[in-house]
Amino acid sequence: MNETKKKNVSKGNFIAFEGIDGSGKSTQIRMLDAKMKKQGIYCYTTMEPTDSPIGSLIHQIMMGRIKTDNKVIAALFVADRLDHLLNDVNGIVNKINEGTTVITDRYYFSSYAYHSVDMPMDWVIRANEQSSNILRPTVTVFIDTNPDAAIERIAKNRFHKELFEKKSRLIKVREKYLEAFDKLEGEECIIKVDGNRSEQEIAEDIWQKIKDFLN
Ligand code: ADP
Ligand code: TYD
């Protein structure tokens, strides 16, 4: 994604978007970025998995070109996330310290939700401890979209069986998200929005809910 310009304050905000596949994260990130820009707040938007060499390995695994154990996949996401935070070229930590507001499409709650379908959530949380110690989001925005609606949105060009498998997995992932938010509500700033509405309604709700948390 793209960087525009830096904000002239000591530290930038870090906003993480979460939700099941097709929940509308990238749409809402685009809309929030545009809204912030109109107000003179310039943002750097980014995503996980990243386009780093570690992220590319993850993409190849997700496309089925490389097979490996679920624990290895979870660990690769941990490594990709640390690189996303710390690399010298476009690492998030440097950007936040320079005063840039960063918006990411997925962060460690994605790991908590997606990987805990197959393994204990506490294992996944512990594996991500370095990232949560280095940088917690100013706010995590969870777009809560019904898996049926999310599947419909991403349904084009897919076979029925694949969609059925995907739907049952997304139902579990959504439940795991809710479990993770309950578990960590004392440590994290989490905002939930109903994703089963129009893009505009969701965007307005997100703005009303996050604006008071931002510097
Ligand atoms: P994600 O990034 O969470 O996978 P996207 O933002 O890419 O989701 O949205 C998935 C699809 O659904 C896109 O085709 C997008 O245009 C559409 N979409 C996004 N938000 C809504 C909405 N509120 N209502 C209907 N369709 C939507
Ligand atoms: P992507 O095509 O970016 O999906 P989306 O547009 O829905 O974000 O693929 C990201 C996939 O990777 C998505 O299915 C969630 C999964 N994922 C994990 O399993 N663990 C993680 O830590 C992260 C960040 C993503």
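**View 1. Contacts around S116 in the predicted model.** This structure is a predicted model. Apart from neighbours within four places in sequence, S116 is in contact with S111, M121, V124 and K176. Where along the chain does S116 sit? S116 belongs to the loop between helix 5 (108-115) and helix 6 (121-127). Its relative accessibility is 5%. S116 therefore counts as buried, as the cut-off for that class is under 20%.

**View 2. Polar contacts of the S116 side chain.** Two backbone oxygens are shown here, those of Y112 and A113. A polar atom of the S116 side chain lies 2.5 Å from the backbone oxygen of Y112. The side chain of S116 also reaches the backbone oxygen of A113, at 3.4 Å.

**View 3. The surroundings of ligand 1.** Which residues are found around ligand 1? One run of them is G22, S23, G24, K25, S26 and T27. Also around the ligand are I20, R153, R197, S198, E199 and I202.

**View 4. Polar contacts to oxygen atoms of ligand 1.** S23 takes part through its backbone: an N or O atom there lies 3.3 Å from an oxygen atom of the ligand. K25 also takes part through a backbone N or O atom, at 2.8 Å from a ligand oxygen. S26 uses its side chain, with a polar atom 2.6 Å from an oxygen atom of ligand 1. How much of the ligand does the protein cover? On its own, ligand 1 has 560 Å² of accessible area, and the protein covers 69% of this.

**View 5. The five-stranded sheet.** Five strands make up an open sheet with parallel pairing. Their order across the sheet is 2-3-1-4-5. Which strands lie at the edges? They are strand 2 (43-47) and strand 5 (190-194), each pairing on one side only. From one strand to the next, the twist averages 20°.

**View 6. Strand 1 beside strand 3.** Strands in a sheet are held as pairs through backbone hydrogen bonds, in a parallel or an antiparallel sense. Strand 1 (residues 14-18) pairs with strand 3 (residues 101-105) in the parallel sense. Four bridges link the two strands. A16 stands opposite T104 of strand 3.

**View 7. Helix 10 across the sheet.** Helix 10 covers residues 199-210. Which strands does this helix lie across? Helix 10 lies across strand 1, strand 4 (139-144) and strand 5. The helix runs at about 155° to strand 5. Two residues around ligand 1, E199 and I202, fall within the range of helix 10.

Definitions and conventions: Residues numbered from 1 in each chain as written. Chains lettered and ligands numbered in written order. Predicted model: local features only at pLDDT ≥ 70, side-chain atom pairs only at ≥ 80, totals over all residues. Heavy atoms only, no water. Pairing = 2+ DSSP bridges. Axes fitted to C-alpha atoms, helices over the stretch in contact; angles between N-to-C directions. Contact = heavy atoms within 4.5 Å. Near = heavy atom within 4 Å. Polar contact = N/O pair within 3.5 Å; in protein donor to acceptor, adjacent residues only side chain to side chain. Areas by Shrake-Rupley, 256 points an atom, 1.4 Å probe, with all protein chains shown as cover. Buried < 20%, exposed > 50% of the residue type's maximum accessible area, 1.4 Å probe, protein only.
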